[in-house]
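The following exercises concern burial and exposure in a protein model. Each task is followed by a solution in steps.

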Amino acid sequence: MNEDLENTLDELGPAYREVVGRLRAAQEVEPTRRGVVRVNWRRWTASLVAATILVVVGFSVLTSRTPVDSSSVASPYTLALDLNDTAIGELVRTQRADGSWDNDFLTRQNAAALKDVASAKVAYRRAVRYLRAKGLTPLSPEELRHRGDLAARLLARS
């Protein structure tokens, strides 16, 4: 240290001189050997066991699910066209926080379907708010009815 730093330490007092002494002593520590890795085998083994258990439980959960019958699951595009209590519940459940569904096509259709449903007034208002922000409106009753007729004809063909 230079003389100026020594004078500053003298002014600050003995507590600061002790701190500087500890800092100097820390520099004089013997350097460690590089390349030597110490492994905590207990921690490593516990981590490996935990990871194995997690993989086994995850695999068993994925494989234990019962297969879904695709004929009993309605398409999100046809829920609003065949409106019943189950479809209304599914529409309300799948609505996003911003009031939309997967796309604007579905949002316009679902909002039109929920317009006169008393139990889904909140979902309807959120959907209308979302559509207005995008410069859109729900489908008219005629458009919704037309889509329902088209879907019924397509289902009759297959």
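**Exercise 1.** Determine which residues of helix 6 are buried and which are exposed, and on which side they lie.

Step 1. In helix 6, a DSSP run (H or I, at least four residues, numbered from the N terminus), the buried residues (under 20% relative accessible area, 1.4 Å probe, protein chains only) are Ala-123, Tyr-124, Ala-127, Val-128, Tyr-130 and Leu-131.

Step 2. These residues lie on the same side of helix 6 because they cover an arc of only 160 degrees around the axis, taken from the directions from the helix axis to the C-beta atoms.

Step 3. Val-122, Arg-129, Arg-132 and Ala-133, on the other side of helix 6, are exposed, that is, over 50%.

Step 4. The cover over the buried residues includes helix 4 (85–94) and helix 5 (104–114).

The model is predicted: local features need pLDDT of at least 70, side-chain atom pairs count only at pLDDT 80 or more, and totals for chains, interfaces and linings use all residues. Residues are numbered from 1 along each chain as its sequence is written, and side-chain values use heavy atoms, with hydrogens and water left out.

**Exercise 2.** State whether Asn-110 is buried or exposed, and identify its contacts beyond four places in sequence.

Step 1. Asn-110 belongs to helix 5.

Step 2. Its relative accessible area is 1%, so Asn-110 is buried.

Step 3. Leaving aside neighbours within four places in sequence, Asn-110 has contacts (heavy atoms within 4.5 Å) with Pro-76, Ala-80, Leu-91 and Trp-101.

Terms used:
Helices (H or I, at least four residues) and strands (E, at least two) are DSSP runs, numbered from the N terminus.
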